[in-house]
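Here is a short briefing to read alongside the model on your screen. Have the sequence and the 3D view open, and follow the residue numbers as you go.

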Amino acid sequence: QVQLVESGGGLVQPGGSLRLSCAASGSIFSINAMGWYRQAPGKQRELVAATSSGSTNYADSVKGRFTISRDNAKNTVYLQMNSLEPEDTAVYYCNADVLDRALRRVLYWGQGTQVTVSS
């Protein structure tokens with residue numbers, strides 16, 4: 001089994017910054033892609049940013065403001081969020097495309113962390 005533990009969410013004023021972390025642990029052989037999604041009240045979950053084999057992609061709404069990075073040695077992915085807007089308020093989830101030690105490929109999700117942007 002694999003666990004993803006997120007941290008770093010909270011309340012921030014518009015224009016502020018937050019850094020989210022997501023650490024994967026457990027029966028991991030390797031991790032391909034890792035990413036961040038978010039879900040606002042009454043809306044569908046949407047991709048925020050993802051990284052795989054050194055490449056990254058971002059939702060248009062966060063380009064230039066958010067940066068995804070990864071520490072492969074720690075099986076951890078980060079999301080640096082700058083110039084936050086009230087529209088960024090959501091529960092943020094990380095995921096990981098994991099090849100486990102039984103060589104099964106499974107997509108895991110974290111439990112989510114709340115980000116609230118408000119004055």
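The notes below go from the whole chain to its strand pairing and then to two residues.

This is a predicted model. The chain holds 11 strands and zero helices, so strand pairing is a good place to begin, as strands pair when at least two bridges link them. Much of what follows centres on strand S8 (residues 76–81), which pairs with S3 and also with S7.

**The chain as a whole**

- Read from the N terminus, the elements run β-β-β-β-β-β-β-β-β-β-β.
- The radius of gyration is 14 Å, which agrees with the value near 14 Å that a compact globule of 119 residues would have.
- Along the principal axes, the C-alpha trace spans about 50 × 25 × 25 Å.
- Of the 119 residues, 40% count as buried.
- Among contacts with a separation of 6 or more, 56% are between residues 24 or more positions apart.

**Surface and charge**

- The accessible surface of the chain is about 6300 Å², and carbon and sulfur atoms hold 48% of that area.
- There are 11 positive and 9 negative side chains, and the centres of these two sets lie 6 Å apart.

**How the strands pair**

- Strand S1 (residues 2–7) and strand S3 (residues 18–26) run antiparallel to each other, joined over six bridges.
- Within that pairing, Leu4 has Ala24 in S3 as its bridge partner.
- S3 also pairs with S8, again in the antiparallel sense and over six bridges.
- Two positions let you find the S3 and S8 pairing on screen: Ala23 stands opposite Thr76, and Cys22 has Val77 as its bridge partner.
- S7 (66–71) pairs with S8 in the antiparallel sense over six bridges.
- Here Arg70 is the residue that stands opposite Val77.

**Val77, a covered position in S8**

- S8 is mostly covered, with five of its six residues buried.
- Val77 sits in this strand, and its relative accessible area is 0%, which means that it counts as buried, the cut-off being under 20%.
- Leaving out residues up to four places away in sequence, Val77 touches Leu20, Ser21, Cys22, Met34, Trp36, Thr51, Ile68, Ser69, Arg70 and Cys94.
- Two of these contacts, Cys22 and Arg70, are also the residues set against Val77 in the strand pairing.
- Val77 and Ala24 are 53 residues apart in sequence, while their C-alpha atoms are 8.6 Å apart in space.

**Asn75, in the loop before S8**

- Asn75 lies in the loop between S7 and S8.
- These two strands form a hairpin with four residues between them, and Asn75 takes a positive phi there, near 50 degrees.
- Is Asn75 buried or exposed? With a relative accessibility of 25%, Asn75 counts as partly exposed, because that class falls between the 20% and 50% cut-offs.
- Beyond its neighbours within four places in sequence, Asn75 is in contact with Cys22, Ala23, Ala24, Ile28, Ile31 and Met34.
- Cys22 and Met34 are on the contact list of Asn75, and both are on that of Val77 as well.
- Asn75 and Val5 are 70 residues apart in sequence and 11 Å apart in space, C-alpha to C-alpha.

Definitions and conventions. Residues numbered from 1 in each chain as written. Predicted model: local features only at pLDDT ≥ 70, side-chain atom pairs only at ≥ 80, totals over all residues. Heavy atoms only, no water. Rg over C-alpha atoms; globule rule 2.2 N^0.38 Å. Buried < 20%, exposed > 50% of the residue type's maximum accessible area, 1.4 Å probe, protein only. Contact = heavy atoms within 4.5 Å. Areas by Shrake-Rupley, 256 points an atom, 1.4 Å probe, with all protein chains shown as cover. Lys, Arg positive; Asp, Glu negative; His and termini not counted. Charge placed at Lys NZ, Arg CZ, Asp CG, Glu CD.
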